[in-house]
Amino acid sequence: MRDKKNSTQSIPILRGEDGDSAVSLKEKATLLQRYAFSKPLEVDLSDIVDYRYPKPLETEDRLSTEEILAACLRTKPDKAPGPDGIPNRIIHLLARNRILLVERLFQAYWDLSYHPRTFHQAITVFIPKEGKKDHSNPSSYRPIALLNTLGKALESIVANRLKDTSEKSKLLPESQFRARPNRSTETALFLLREKIQAILSLGKIPTLLALDV
């Protein structure tokens with residue numbers, strides 16, 4: 001957010017549900033933060049007492065050069081950086097020309113099962129949602145978290161390892177299609193159509209429950 005006198009793209013005066021107005025940058029930031037990051041509910045953990053977990057699944061101890069390179073190059077070069085100010089373009093150059101440096105760093109994180117605290121930090125910016133006309137309403141803005149670029153590459157590697165392990169160990173239900181190899185929206189719709197036609201052929205009425213998780 002920037003002051004109106006410095007930018008024509010400034011966030012206007014915001015008004016909360018209680019009718020209070022947020023005029024200064026600090027007041028706007030506080031109000032947007034309250035709307036975007038509501039206090040989480042207390043979790044009931046009573047059902048995990050004395051729970052017997054299954055045997056942990058194993059994965060490769062060594063990170064390959066290929067997966068590190070792919071993770072570093074996966075991001076767009078000119079997207080906004082996080083708190084460290086390092087753009088993705090620099091990470092791309094480092095990965096292409098000094099990949100050994102990144103390998104040593106990421107392998108140490110992997111061996112120690114350590115995720116640096118600095119990778120937990122983010123710069124949150126608010127952008128107007130499309131189709132919203134009342135920009136004085138805090139709910140008309142979407143928070144975008146800008147994370148440190150090296151941390152995003154490391155998280156990408158871990159996510160791919162988890163996905164591969166889930167596939168090999170058959171931990172995911174057959175009905176899940178998103179973010180899985182050889183599956184797409186088209187195959188999900190094809191399966192849905194087949195099920196609907198099968199139900200109709202039996203003279204019954206198909207019912208669909210859609211959940212956005």
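A salt bridge is counted here when a side-chain nitrogen of Lys or Arg lies within 4 Å of a carboxyl oxygen of Asp or Glu. The structure is a predicted model, in which local features need pLDDT of at least 70 and side-chain atom pairs count only at pLDDT 80 or more, while totals for chains, interfaces and linings use all residues. Residues are numbered from 1 along each chain as its sequence is written, and side-chain values rest on heavy atoms, with hydrogens and water left out.

Searching the whole structure yields 5 salt bridges. One of them joins Asp78 to Arg89, with 2.8 Å between the closest N and O atoms; Asp78 sits in the loop between α2 and α3 and Arg89 in helix α3, 11 residues apart, where helices (H or I, at least four residues) and strands (E, at least two) are DSSP runs numbered from the N terminus. With a relative accessibility of 59%, Asp78 counts as exposed, whereas Arg89, at 41%, counts as partly exposed; the classes are buried for under 20% relative accessible area, exposed for over 50%, and partly exposed in between (1.4 Å probe, protein chains only).

Two further salt bridges involve helix α5. Glu67 and Arg161 meet through their side chains at 2.7 Å, N to O, and this pair links helix α2 to helix α5 across 94 residues; Arg161 is buried, at 10% relative accessibility. Glu167 and Arg180 likewise form a salt bridge, at 2.7 Å from N to O, and because Glu167 lies in helix α5 and Arg180 in the loop between α5 and α6 (185-201), the pair ties together parts that are 13 residues apart in sequence. Here Glu167 counts as partly exposed at 23% relative accessibility, while Arg180 counts as buried at 10%.

From these charged pairs we turn to the nonpolar interior. In soluble globular proteins, nonpolar side chains tend to be buried together. A nonpolar core is taken as a set of buried Ala, Val, Leu, Ile, Met, Phe, Trp, Tyr and Cys residues joined through side-chain atoms within 4.5 Å. The largest such core has 15 residues, of which Ile68, Cys72, Val102, Phe106 and Ile157 touch the most other members; at least two of its residues come from each of α2 (65-73), α3 (88-97), α4 (99-112) and α5 (149-168). Beyond its neighbours within four places in sequence, Phe106 is in contact (heavy atoms within 4.5 Å) with Leu63, Ile68, Leu150, Ala153, Leu154 and Ile157. Apart from this core lies another, of 7 residues, including Leu14, Leu31, Leu32 and Phe126.
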